[in-house]
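Biologist: Please take me through this model one question at a time, and tell me how each answer is reached.

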Amino acid sequence: MHMADALLSPAVGGVFWLASAGIIGYSSRKITEEKEQVSVKTPLMGVMGAFVFAAQMINFTIPGTGSSGHLGGGLILAAMLGPCRAFITLASVLVIQCLFFADGGLLALGCNIFNLAFFPAFIAYPFIYKVIAGKSLNSGRLAVASVTAAEAGLLMGAFSVVVQTSFSGISELPFGTFILFMMPIHFAIGIVEGLATWGVLQFVAKTQPVLLFDTGKASYPAMLITAFAVAAVALGGFISWFASSRPDGLEWATMKAAGIEELADAGDKIHRFTAEVQDKLAFFPDYSLGRVSERECPGAVAPVKLATTIAGTTGGVFAFLVVGALGLLLGKRKQSRKCWRKLKK
Amino acid sequence: MLEETEKVIMPREQNIHESFIPDVNHRALIIVWSFFVFFVLTLGKYDFSGVLAYAAFPLFVVLAGNMPVKTILKRLVLLSPFIIMVAAANPFFDRRPFLSLGEITLTAGTVSGIVIVGKSFVLITAIITLSTIVPFHRLCDALRGFRVPEVFITQLLLLCRYSFLLVEEATALQKARSMRSFGGNGKEFFTTAKMIGSLLLRANERGERIYRGMLARGFNGTVHHAGAEPLRCKDVLFVAGSVMLFAGIRVIV
């Protein structure tokens, strides 16, 4: 369920980068404050993060389907390390996945940390798992807590993916259709994840129950404030998308004074050139962000000029080939230098 | 997959000094790559020529840096099903005519779908090149320079160190189970959960052993380091030059 760079607009990606960075900062501060546990649990966090990787290598058969699945591990980390440490551990796993396996992407990292680490660690664990399971090691309560919390964490993450994709405007999938497509799939995955989590937690509860107790007390009011702050930042970013399409104050004044919304171009060459450069470099033209404007898709009404499109594509291919050839030459030159040095030795 | 990455990425660390990239601060490299991602993502929804032009940058880095092209291509083939699903849906939801080639008319949705896949290829290659050029511990040093909390950096370093060890252990467990299981026996849901549980307990014990070992070597909660390298004038020039190059591509194409 990794969000991908190619489906994100920089505005949405940026908002979630800030949100995730804020939660990493908050969690790190909380961990540093637990002075007596800092050094004890730090190596454990590293090894538990590695455990998530390792556990994902072991597949199991999903009953009744014939297919196989693997453990996600977010909830297990939260049950063993507490919310803040689990969040940091999951975030670090996602950073490694992004850099070494190119899962998601640099901009999507913020979204992925928010979707896959924030919900299980800060929502599903303290508000669902802990409430249902408490400190009980009863198998039934563990089962209900694990399945419900894993399901809730996964569904919230999937919903967040749909919201991020829809707000980015890169996908044409309507919000309703996308939700209908994503939620049932993740509901089924959530049940499997919940049952697998229950299986592992039950095993740990029977063999080393002390590992399941979260000794660190999370301060929920502060955590809630963080969650609300994150939501406020996200909403602030999103609501600005629906900024009024009516003219702003200056445009209104211009319109009243000159009878037109925007003043006409002077028409000289320099003005036209700078306008063209500005148009090319405009990352958020008219605040349209990821949404399609008529300017972006002139063919929406009539097919675009074939000659212009072919010229543009040829230019792109040409640049691709020329720079690629340069790279190849540089690489070969470097290799031949290495061989020469070896021969000299 | 992790083993394959180890083979591909880790040996490259030895070649860093021979890299074609000038001697610049790793923070500057991260900034340049981030700008590249930003420029690619702000391309128009239908700007296929732009995607092609920006693809030249990772292609140049791959070829000039003698990076393993086959491995990168293999990774590109494993495109996320989520991206494929979203890209494949676009032609169904946006049927407006976009480009006519004789009798064939490409719809806007088809073009935007192709652009999504193209951008994914370019950005995945870009990330692979960054992680190949910058060794992981240097990347962590660079993160220190960006004021990332020390707890998070220590976690990243420990995770990277122990991932390979635990993955080896998990692979051995998986292999042992496969050798003893016939017709899928022993691969059932709850049997595997117990197996993962025992791996978890082993990981925990390993964590305690590591902690004792680290304490004996003077560990006090954070890993000792030399501090982040300061940004020099040439690093700033490198970033500025690269950004101007990316902007230039945008203006020309």
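## From a buried loop residue to the whole model

Biologist: Does A:Ala102 count as buried or as exposed?

Modeller: A residue is buried if 20 or more other C-beta atoms lie within 10 Å of its own, exposed if 12 or fewer, and partly exposed in between, with C-beta atoms placed from the backbone. Because A:Ala102 has 28 C-beta neighbours inside 10 Å, A:Ala102 counts as buried.

Biologist: Where in chain A is A:Ala102 found?

Modeller: This is a predicted model, in which local features need pLDDT (the predictor's confidence in each residue, from 0 to 100) of at least 70, side-chain atom pairs count only at pLDDT 80 or more, and totals for chains, interfaces and linings use all residues. Residues are numbered from 1 along each chain as its sequence is written, while chains are lettered from A and ligands numbered from 1 in the order in which they are written. Helices (H or I, at least four residues) and strands (E, at least two) are DSSP runs, numbered from the N terminus. On that basis, A:Ala102 is found in the loop between helix H4 (83-101) and H5 of chain A.

Biologist: What is the phi of A:Ala102?

Modeller: Most residues other than glycine have a negative phi. A:Ala102 is a residue other than glycine with a positive value, near 55 degrees.

Biologist: Which residues of chain A is B:Ile127 in contact with, leaving aside its neighbours within four places in sequence?

Modeller: B:Ile127 is found in helix H6 (residues 108-133) of chain B, and B:Ile127 counts as buried because it has 24 C-beta neighbours inside 10 Å. Two residues are in contact if their C-beta atoms, placed from the backbone, lie within 7 Å. With those sequence neighbours left aside, the contacts of B:Ile127 are A:Cys98, A:Leu99, A:Ala102, A:Gly105 and A:Leu106.

Biologist: From which helix does the largest share of the largest nonpolar core come?

Modeller: A nonpolar core is a set of buried Ala, Val, Leu, Ile, Met, Phe, Trp, Tyr and Cys residues joined through C-beta atoms within 7 Å. The largest one has 161 residues, and B:Ile127 and A:Phe51 are among those with the most contacts inside it. The largest share of this core is 16 residues, and it comes from helix H5 (residues 108-133) of chain A.

Biologist: Which helices do the buried residues of H2(B) pack against?

Modeller: Helix H2 of chain B covers residues 26-41, and its end C-alpha atoms are 23 Å apart, which agrees with an expected span of 22 Å for 16 residues, that span being 1.5 Å times one less than the number of residues. Because 12 of the 16 residues of H2(B) are buried, the helix is largely enclosed by the rest of the structure. Those buried residues include B:Trp33, B:Phe36 and B:Phe39. They pack against helix H3 (48-64), H6, helix H7 (136-145) and helix H10 (233-252) of chain B, together with helix H1 (10-33) of chain A.

Biologist: Which residue takes a positive phi in the hairpin of E1(B) and E2(B)?

Modeller: Two strands pair if DSSP finds at least two bridges between them, and strand E1 (residues 97-101) of chain B and strand E2 (residues 104-107) of chain B pair in the antiparallel sense over 4 bridges. In this pairing B:Ser100 stands opposite B:Thr105, and B:Leu99 stands opposite B:Leu106. The hairpin has 2 residues between the strands, and the residue with a positive phi, near 65 degrees, is B:Gly102.

Biologist: How far apart do the C-alpha centres of domain 1 and domain 2 of chain B lie?

Modeller: Domain bounds come from an automatic or database domain assignment, which for chain B gives domain 1 (2-134 + 229-252) and domain 2 (150-216). The C-alpha centres of these two domains of chain B lie apart by 34 Å.

Biologist: In which helix of chain B is confidence lowest?

Modeller: The mean pLDDT of chain B is 83, and 91% of its residues reach 70 or more. Over residues 1-18 of chain B the pLDDT is below 50, although this stretch has 16 contacts in the model beyond near neighbours in sequence. Confidence in chain B is highest in H2(B), at 92, and lowest, at a mean of 46, in helix H1 (residues 2-9) of chain B.
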